[in-house]
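Biologist: I have a model open and would like to learn how to read its fold. Where should I begin?

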Amino acid sequence: MFCKWGPSHPKNRQGLRRRRGDAPAYQDGWVSGEDLGSARAEGSARASWASSAGTAKSMRSNRGRDTKPEIAVRRLLHARGFRFRVDFAPVQGLRRRADIVFTRQKLAVFIDGCFWHGCPDHYSAPGANARFWREKRDANVRRDRQTDALMIDAGWTVLRAWEHEDASAVVSRVASAYLQLTTRPAP
Ligand SMILES: [Zn+2]
């Protein structure tokens, strides 16, 4: 229900924008494979390559945080009594942020955007600059796997969901992971 299908899909025309207006310049952040800083870095992109207003809008709507699916998951978790950090870098010295973080349980949750993170069901490269977008997607996926490995090495549990997944199903997965980590006997 939440899925963003890619920049060319009509859904994105009224999609998940949070800025008004049709300014072609893309000012919000996006995930860069080369960016060793925050995965949610902002302001790093300028949009000469935003080939259409639709693409620019989609990029705005595909920001790394505060997307509708993520907010829905957060609300449900909160309603169930869970407390957590949002958009937080859980591992000290590692500049990688997770969307939802349970510090005590060492549980890091990511709600991955179907477009940016290459959802197998919904990703399709936009017609214009397809190669650029594929490379961008590939870089993001590589970075995601690297983030997983680094966090796991640091003793964290990583749980990833796609934004197209039903929020209550995601919450169930988070809750059961949380429970497992909570009931784990002390080392
Ligand atoms: Zn998807």
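**Reading the sheet and its helices**

Modeller: Begin with one pair of residues: the bridge partner of F110 in strand 4 is R160. Bear in mind that the model is predicted.

Biologist: Which strand is joined to strand 4, and how do the two run?

Modeller: A pair is read from its bridges and its direction. Here strand 3 (residues 107–112) is joined to strand 4 by six bridges, and the two run parallel.

Biologist: What is the strand order of the sheet?

Modeller: Order is read across the sheet, from neighbour to neighbour. This sheet is open, has four strands in the order 1-2-3-4, and its pairing is mixed. Strand 1 (85–88) and strand 4 (157–162) are the edge strands, each pairing on one side only. From one strand to the next, the twist averages 30°.

Biologist: Which strands does helix 2 lie across, and which does helix 4?

Modeller: Take each helix with the strands under it and its angle to one of them. Helix 2 (residues 68–79) lies across strand 1, strand 2 (98–102) and strand 3, and runs at about 140° to strand 3. Helix 4 (residues 167–183) lies across strand 2, strand 3 and strand 4, at about 175° to strand 4.

Biologist: In what sequence do the elements come from the N terminus on?

Modeller: The protein has four helices and four strands, and they run α-α-β-β-β-α-β-α from the N terminus.

Biologist: How much of the protein counts as buried?

Modeller: Burial is read by counting neighbours around each residue. Of the 187 residues, 35% count as buried. As for contacts between residues at least 6 apart in sequence, 67% join residues at least 24 apart.

How values were computed
Residues numbered from 1 in each chain as written. Predicted model: local features only at pLDDT ≥ 70, side-chain atom pairs only at ≥ 80, totals over all residues. Pairing = 2+ DSSP bridges. Axes fitted to C-alpha atoms, helices over the stretch in contact; angles between N-to-C directions. Contact = placed C-beta atoms within 7 Å. Buried ≥ 20, exposed ≤ 12 C-beta atoms within 10 Å, placed from the backbone.
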